[in-house]
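User: I should like to go through the assignments in this model and hear the reasoning behind each of them. Please set each value against the criterion that it has to meet.

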Amino acid sequence: MSEATARTELDRALALDIVRVTEATAVAAARWRGRGDEAAADEAAAAAMYREIARLPIEGVVVVGEGDEDESPILYNGETIGAGSSEGVTLDLAVDPVEGATLCAKALPNALSVLAVAERGSFLKVPVIYMEKIAIGPGYPDNLVDLDATPAENLEALAKAKGCQVSELTVCILDRPRHGKLIEEVRAAGAALRLISDGDIAGVVHVTEPRETGIDIYMGIGGAPEGVLAAATLACIGGQMQGRLVALNQEHRARARAAGIADLDRKYAITDMVSGDLSFAATGITDGSLLEGVRFTKDAVFTHSVVMRASTRTVRWIRTEHPDVGKFD
């Protein structure tokens, strides 16, 4: 298989096809929006995403999915999906049918449907454990922030690069008890906080458009698979991110060993987590800072999505009116 063949196949899969997948997935989840049933929303979304990927003219392998095969009947890590490639090309898939299932169930902001597609071997295989993360958007000097620096040091470096005071920065952090010390240190440094209840990927995505979201930097511990998907977003637009796996117990350490990861202290840069050409698509399920949620009317369904491509650094914002409401049933 030539590199040109792989790129041609990737181009075909990464055009409007992947956003059609996230649109259908977001619509399926949105039908459960505000109904208080996270499991039902996630199940409906996963089924829709599986169905739509199965129609694509690709052979895709789920590298970042819903867990291991014994944890999820579909979209599990290692599953092969797609209608098949005429060129025999296999692609990596990173999926999250409902990023923020609790947000969807409670009709809170920033629930998303997310999909990334890349050349084979592009995504870091991580166990379903935690990852410490720090992320900023594009336009800054390389290695500006570092997981081993203190929050104050990172904020001072970012403020200097932006030409502002630390007090003008806003930090996004998941509102969890484990972040108590981090929150105190950020406040002591003088920055503002945007605490989010869920939506780890969305939290990182926010740093790509700080003028729209008001968020300059993301810090804290979230899911490791979500970390790889977030890295895919930043790889498409030139942002910066570091991640380090966090094993909270023996089960987590066993999962890391099973995934072939021996060094839990290793810092991963974006290029360690994602490489090669890739595209990322997300569709809003609920209204958020960057994307509007699904809108239902009698005769149409309206969706709002973003599609990013790493090789070209293009970002497309797509508003779609789907007149055939029945096709989503």
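User: What stands opposite Cys172 in strand 7?

Analyst: In this predicted model, Arg194 of strand 7 stands opposite Cys172.

User: How do you know that strand 6 and strand 7 pair, and in which sense do they run?

Analyst: Pairing requires at least two bridges between the strands. Five bridges join strand 6 to strand 7, so the criterion is met; the two strands run parallel. The chain passes from strand 6 through helix 6 (residues 180-189) to strand 7, a β-α-β crossover that is right-handed.

User: What makes strand 6 and strand 8 a pair?

Analyst: Two bridges link strand 6 (residues 170-174) with strand 8 (residues 217-223) in the parallel sense. Since at least two are needed, the pair qualifies. Cys172 has Tyr218 as its bridge partner in strand 8.

User: Which helix packs on the sheet and touches strand 5, strand 6 and strand 8?

Analyst: Helix 5 (residues 151-162) does so, and its direction makes about 140 degrees with that of strand 8. Helix 9 (residues 224-237) lies across strand 5, strand 8 and strand 9 (240-246), at about 20 degrees to strand 5.

User: Why are strand 7 and strand 10 called edge strands?

Analyst: The open sheet has six strands in the order 7-6-8-5-9-10, with mixed pairing. Strand 7 (192-196) and strand 10 (268-269) each pair on one side only.

User: Why is strand 1 described as mostly covered?

Analyst: A residue counts as buried under 20% relative accessible area. Five of the six residues of strand 1 (residues 59-64) are buried.

User: How do you know which strands pair with strand 1, and in what sense?

Analyst: Strand 1 shares five bridges with strand 3 (residues 90-99) in the parallel sense, and Thr90 is the bridge partner of Glu59 there. Two bridges join strand 1 to strand 2 (residues 80-81), and these run antiparallel; Val61 has Thr80 as its bridge partner in strand 2. With a threshold of at least two bridges, both therefore count as pairs.

User: What makes Phe123 notable in the largest nonpolar core?

Analyst: That core has 49 residues, of which Phe123, Val274 and Phe280 touch the most other members. Helix 9 gives the most to this core, with 10 residues. The core draws at least three residues from each of domain 1 (12-121 + 277-322) and domain 2 (130-273). Leaving aside residues up to four places away in sequence, Phe123 touches Val63, Leu93, Val228 and Met273, among others.

Notes:
Residues are numbered from 1 along each chain as its sequence is written. This is a predicted model: local features need pLDDT of at least 70, side-chain atom pairs count only at pLDDT 80 or more; totals for chains, interfaces and linings use all residues. Side-chain values use heavy atoms; hydrogens and water are left out. Helices (H or I, at least four residues) and strands (E, at least two) are DSSP runs, numbered from the N terminus. Contact means heavy atoms within 4.5 Å. Axes are lines fitted to C-alpha atoms, for helices over the stretch in contact, and angles run from 0 to 180 degrees between N-to-C directions. A crossover is right-handed if, with the strands pointing away from the viewer, the path from the first strand over the helix to the second runs clockwise. A nonpolar core is a set of buried Ala, Val, Leu, Ile, Met, Phe, Trp, Tyr and Cys residues joined through side-chain atoms within 4.5 Å. Buried means under 20% relative accessible area, exposed over 50%, partly exposed in between (1.4 Å probe, protein chains only). Domain bounds come from an automatic or database domain assignment.
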